[in-house]
Amino acid sequence: MVTSKRKQVAEQAGVSEATVSRVMNGIGPIKEETKRKVLEAAEALGYFPNAIAKSFVTQRSGNIGVSLPSVPNVRLFSTYYFSEILSGIGFEVQKHGYGLLLQFREWEGKPDFALPFHTRKIDASLILGVRMGGAEEEAAAELEREGMPFCLIGSRGSSPSFSAVDADHCEGTGKAVRHLVEQGFRRLAFVNGPLVYSNSVDRQQGFEAEIKRQGLDVADVLYLEGNYSRSSGLELAAQLYAQRDRFDAIVAGNDRMGIGIVQGLKERGMLAGNDYGIVGCDDSDASKILEPPLTTVRVPFFEMGRAAASRILEGLKSGEARLEPFHETLPTELIIRESSLKAR
């Protein structure tokens, strides 16, 4: 019974039950010596009537923070990338008995990643969608200087001292190029995302390295850049159509752009898997139901979320004052469907 346990705490600490209640709920001025006796007795007897009281004793909130960008005109939770990573994080956090605190940061300006640590809302932070070389990295560097545990997911950042979990995008994009060349395609277009994201940089490096390995000329590649949205793929389809003599296959930086390209070119009379081949990236649910189904590089987003949360939680459990940075890169897999199979 809660009441009897509170009475035991009061007796062991040599105070009244009312004083125990005030200490455990953080109410009113209380002498430090009295607070110490009550908290020690509560810890010894396992008396934590609420989260606030527990945090007094453990000096922890019991929450892991997840920082997400508030992207204009993007329904964040309908985006496969974010929803799958969050599912993986949630699975692991719940397994360890922690809570999850979602935090949205403005697209422009410098985020304050440290504030929820200072206000004891979180014990560690998992940060998604960080752009390289800007205000977000500056804010992450401040966390590092203060010794606050955090991990970037889906981005490695510019600093090797940032903990990060991501997929092997170089390997994945290389597989896409190799598959298209094996199918007989020789003139490739590459539709990438913004190079402020490390995974965009990795995809470009993987693409160009495999182009060279296949004996093709990087100078002949048609490069276009979108913003990872389907609408940007639709818009770029007009440019692709205008330069259709320069490519017979396309590698897209993600499925959303790839789907927009397929739809936009179809409106202009060009059919994927017939007039050209195309490979996306993510293996989103939409890639399976597109007509024709989209060949894609499977990125293990769920597993990335689990891995980052697991490593952070293990670090917290160890009790180390400052967690050593860690880096984990998960493998990708090419999922072959009709969009990239050259018509015979």
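## Overall dimensions

The chain has a radius of gyration of 26 Å, whereas a compact globule of 344 residues would have one near 20 Å. The model is a predicted one. Taken along the principal axes, the C-alpha atoms fill a box of roughly 85 × 35 × 30 Å.

The chain contains 13 helices and 12 strands. Of its 344 residues, 50% count as buried. Among contacts with a separation of 6 or more, 73% are between residues 24 or more positions apart.

## Surface and charge

About 16200 Å² of the chain is exposed, and carbon and sulfur atoms supply 50% of that area. The chain carries 41 positive and 45 negative charges, and the mean positions of the two sets lie 4 Å apart.

## Salt bridges between distant segments

The count of salt bridges comes to 18. One of them joins the side chains of Arg306 and Glu92, with an N to O distance of 2.9 Å. Arg306 belongs to helix H13 (residues 301-318) and Glu92 to helix H5 (residues 80-95), so this pair ties together parts that are 214 residues apart in sequence. The two partners differ in exposure: Arg306 is partly exposed, with a relative accessible area of 27%, while Glu92 is buried at 4%.

Another salt bridge is formed by Arg105 and Glu136, whose closest N and O atoms are 3.0 Å apart. Because Arg105 is in strand E2 (residues 99-106) and Glu136 in helix H7 (residues 135-146), the pair ties together parts that are 31 residues apart in sequence. Arg105 counts as buried at 5% relative accessibility, and Glu136 is also buried, with a relative accessible area of 5%.

## The Asp283 region

Asp283 forms a salt bridge with Arg337, and the closest N and O atoms of the pair are 2.8 Å apart. Asp283 sits in the loop between strand E9 (277-282) and helix H12 (285-289), and Arg337 in the segment after strand E12 (333-335), so the bridge ties together parts that are 54 residues apart in sequence. Both residues are buried: the relative accessible area is 10% for Asp283 and 15% for Arg337. The pair belongs to a network of salt bridges that links Asp283, Asp285, Lys288 and Arg337.

The backbone at Asp283 has a positive phi, near 65 degrees, in a residue other than glycine. Ser284 is found in the loop between E9 and H12, which is also the place of Asp283. Ser284 counts as buried at 7% relative accessibility. Residues up to four places away in sequence aside, Ser284 touches Tyr80 and Asp255.

## Other backbone features

Most residues other than glycine have a negative phi, and most peptide bonds are trans. Tyr228, which is not a glycine, has a positive phi of about 75 degrees. Tyr228 lies in the loop between strand E7 (222-225) and helix H10 (230-242), and counts as buried at 16% relative accessibility.

The peptide bond from Glu291 to Pro292 is cis, with omega near -5 degrees. Pro292 is located in the loop between H12 and strand E10 (295-298).

## A buried aspartate without a salt bridge

Asp166 is in strand E5 (residues 164-167). Asp166 is buried yet has no salt bridge, and the nearest side chain of opposite charge, that of Arg156, is 5.9 Å away. A salt bridge requires a side-chain nitrogen of Lys or Arg within 4 Å of a carboxyl oxygen of Asp or Glu. Neighbours within four places in sequence aside, the contacts of Asp166 are Gly154, Ser155, Ser198, Asn199, Met304, Glu328, Thr329 and Leu330.

## Ala10 in helix H1

Ala10 is part of helix H1 (residues 2-13) and counts as buried at 4% relative accessibility. Leaving aside neighbours within four places in sequence, Ala10 is in contact with Val15, Ser16, Glu17 and Val20. The C-alpha atoms of Ala10 and Ala41 are separated by 8.1 Å, and these two residues are 31 residues apart along the chain.

How values were computed
Residues are numbered from 1 along each chain as its sequence is written. This is a predicted model: local features need pLDDT of at least 70, side-chain atom pairs count only at pLDDT 80 or more; totals for chains, interfaces and linings use all residues. Side-chain values use heavy atoms; hydrogens and water are left out. Helices (H or I, at least four residues) and strands (E, at least two) are DSSP runs, numbered from the N terminus. Buried means under 20% relative accessible area, exposed over 50%, partly exposed in between (1.4 Å probe, protein chains only). The radius of gyration is taken over C-alpha atoms; the globule rule is 2.2 Å times the number of residues to the power 0.38. Contact means heavy atoms within 4.5 Å. Accessible areas come from the Shrake-Rupley method with a 1.4 Å probe; for residues, only the protein chains shown count as cover. Lys and Arg count as positive and Asp and Glu as negative; His and the chain ends are not counted. The place of a charge is taken as NZ of Lys, CZ of Arg, CG of Asp or CD of Glu.
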